[in-house]
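Please explain how this protein is arranged, beginning with its metal site and continuing to its sheet.

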Amino acid sequence: MSFTDRDHETWRLLYRAQDTLRGEQLIPEFASGLKALGILGDKIPDLEAVNARLQGLTGWKGVSVAGFEGPEHFYKMLANREFPVGHFIRDQKDLSYTPEPDVFHDLYGHLPFYVMPEYGKFCEDFGTRGLKYLSSPEITEAFQRLFWFTAEFGLVKTPKGLRIFGAGIASSNKECAYALSGKPRLLAFDVETIRNTPFRIDLIQETLFVLDSAEQLYGCLDAFEAPYR
Ligand SMILES: [Fe+2]
């Protein structure tokens, strides 16, 4: 991955916009993950340096990719403990929007979660199971919905109140503010509801699912997969 000075400046602006509220908005494990991986606000981190730390912790690593990964490649990567990291950064003209997952969304938003061993185990298992159903567009869509409403846009109850659990929210200042504003429709996490709930990637998320705990997500895959076996 090679980035210009302007790209690094974009990273600084994005990181700074999240800095002050991170502790109040996100699960505490997110900030610990950033720290553990050496993901700082001064410049776009070197992926190899981040990977050296991440692989030592949980065996996961980020892999540089051009943009969106289709389900087949994405699930293969997850099953192999790899997470795709966009090799570009969004335009500075519109910091709150990226048409495809960029390095800020993937490296800042997703990778810190993978310092949690149980989270990594869940995603690996999710990918392994998802690979079995690629011949069925409906089942694959259900798998996409589960990932979307949890790893990307999940919320979770914590002793300190409702916190952001999804990388799609964590990496967007706008989504962070909106998710906790009381405006979105909040539904209790439920695999039956999620598999039947469509989503749009190009709009602010007006329906969010709330986990009672991260463990609720980590333990949901048998029930989620049951109708497809
Ligand atoms: Fe993502």
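Which residues are the protein donors of the iron ion? In this predicted model, the iron ion is held by His105 and His110, each through its NE2 atom, and by Glu152, which is listed twice through OE. These donors lie 2.0 to 2.7 Å from the iron ion.

The geometry of the site may be considered next. The angles among the 4 donor atoms run from 53 to 142°. Four donors count as tetrahedral if all angles lie between 85 and 135 degrees, and the site of the iron ion is classed as irregular.

The donor residues follow the spacing H-x4-H-x41-E along the sequence. His110 belongs to helix α6 (residues 103-110), whereas Glu152 belongs to helix α8 (residues 137-152); the pair therefore ties together parts that are 42 residues apart in sequence. Are these two residues, His110 and Glu152, buried or exposed? Both His110 and Glu152 are buried.

Attention now turns to the sheet. Strands of a sheet pair through backbone hydrogen bonds, in either a parallel or an antiparallel manner. Here, 4 strands make up an open sheet with mixed pairing, and their order is β4-β3-β6-β5. At the edges stand β4 (161-164) and β5 (185-188), each of which pairs on one side only. From one strand to the next, the twist averages 35°.

One pairing within this sheet can be followed at the level of residues. Strand β3 (residues 155-158) and strand β6 (residues 207-211) run parallel and are joined by 2 bridges. Val156 stands opposite Leu211, a residue of β6.

How values were computed. Residues numbered from 1 in each chain as written. Predicted model: local features only at pLDDT ≥ 70, side-chain atom pairs only at ≥ 80, totals over all residues. Heavy atoms only, no water. Donors = N, O, S within 2.8 Å, 3.2 Å for Na, K, Ca; no water. Tetrahedral: all angles 85-135°; square planar, octahedral: opposite > 155°, others 65-115°. Buried < 20%, exposed > 50% of the residue type's maximum accessible area, 1.4 Å probe, protein only. Pairing = 2+ DSSP bridges. Axes fitted to C-alpha atoms, helices over the stretch in contact; angles between N-to-C directions.
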